[in-house]
Amino acid sequence: MMGLYLLAQPLSGILPKFDAYVSQPNVSFEWNSMPGALEYMVVLASDEAFTQDLVQSPPQTGTSWTSDPLNFGTLYWKVIGNDGIQSMESGIEKFTYYLPSEDPNLVLWLRADQGITLDVSNKVQSWQDQSSNAFVVQQ
């Protein structure tokens, strides 16, 4: 009789998802564990080659970490796991930190959760522009 063995997932990033857009300056990172890992470190850089590390987390014993506020733009990240004998690196992940209110070229910003006026049928009647231009869009 053959036994059923589950293979451990390799060290890999979970959140933020590849090519995600985040709008909070403190980004939460999650990753799959490395078998036998004693600690992990998250490394972020502005380039895929990681030649300019922007942020390196302190050693983490769990599989998540929340950064201090980050700069706007596209960032690459990976996790390095260490089991006391060897290290393993995850694949490279990428996300973009973007906050519309900080974009000097923003002309119109409509949000689904703010600045909405509903009619008696509970349908959207108008949207208030969230940019500094303060437009009102009506339908």
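## Salt bridge between R111 and D113

The side chains of R111 and D113 form a salt bridge, with a nitrogen-to-oxygen separation of 2.9 Å. This contact belongs to a predicted model, which holds 3 salt bridges in total. In general terms, side chains of opposite charge can pair when their charged atoms come close.

The two partners fall into separate accessibility classes. R111 has a relative accessibility of 25% and counts as partly exposed. D113 reaches 55% and counts as exposed, because the threshold for that class is over 50%.

## Salt bridge between E89 and K78

E89 also takes part in a salt bridge, here with K78, and the closest N and O atoms of this pair are 3.1 Å apart. The contact links distant parts of the chain: E89 lies in strand β8 (residues 87–89), while K78 lies in strand β7 (residues 73–82), 11 residues apart.

Is K78 buried or exposed? At 12% relative accessibility, K78 is classed as buried, since that class covers values under 20%. Its partner E89 has a relative accessible area of 48% and is therefore partly exposed. The bridge thus joins a buried lysine to a partly exposed glutamate.

## Salt bridge between K94 and D19

Which residue does K94 meet in a salt bridge? The partner is D19, and the N to O distance between the two side chains is 3.1 Å. Distant parts of the chain are linked by this pair, as K94 belongs to strand β9 (residues 93–97) and D19 to the loop between β1 and β2 (20–22), 75 residues apart.

The accessibility of D19 is 42%, so this residue counts as partly exposed.

## The three-stranded sheet

Beyond these side-chain contacts, the model contains an open sheet of 3 strands, arranged in the order β1-β3-β6 with antiparallel pairing. The edge strands are β1 (13–15) and β6 (64–66), each of which pairs on one side only. Direction ignored, neighbouring strands of this sheet are turned by 25 degrees against each other on average.

Strands of a sheet pair through backbone hydrogen bonds, in either a parallel or an antiparallel manner. How many bridges join β3 to β6? Strand β3 (residues 28–31) is connected to β6 by 3 bridges, and the two run antiparallel. Within this pairing, E30 has S64 of β6 as its bridge partner.

Terms used: Residues are numbered from 1 along each chain as its sequence is written. This is a predicted model: local features need pLDDT of at least 70, side-chain atom pairs count only at pLDDT 80 or more; totals for chains, interfaces and linings use all residues. Side-chain values use heavy atoms; hydrogens and water are left out. Two strands pair if DSSP finds at least two bridges between them. Helices (H or I, at least four residues) and strands (E, at least two) are DSSP runs, numbered from the N terminus. Axes are lines fitted to C-alpha atoms, for helices over the stretch in contact, and angles run from 0 to 180 degrees between N-to-C directions. A salt bridge is a side-chain nitrogen of Lys or Arg within 4 Å of a carboxyl oxygen of Asp or Glu. Buried means under 20% relative accessible area, exposed over 50%, partly exposed in between (1.4 Å probe, protein chains only).
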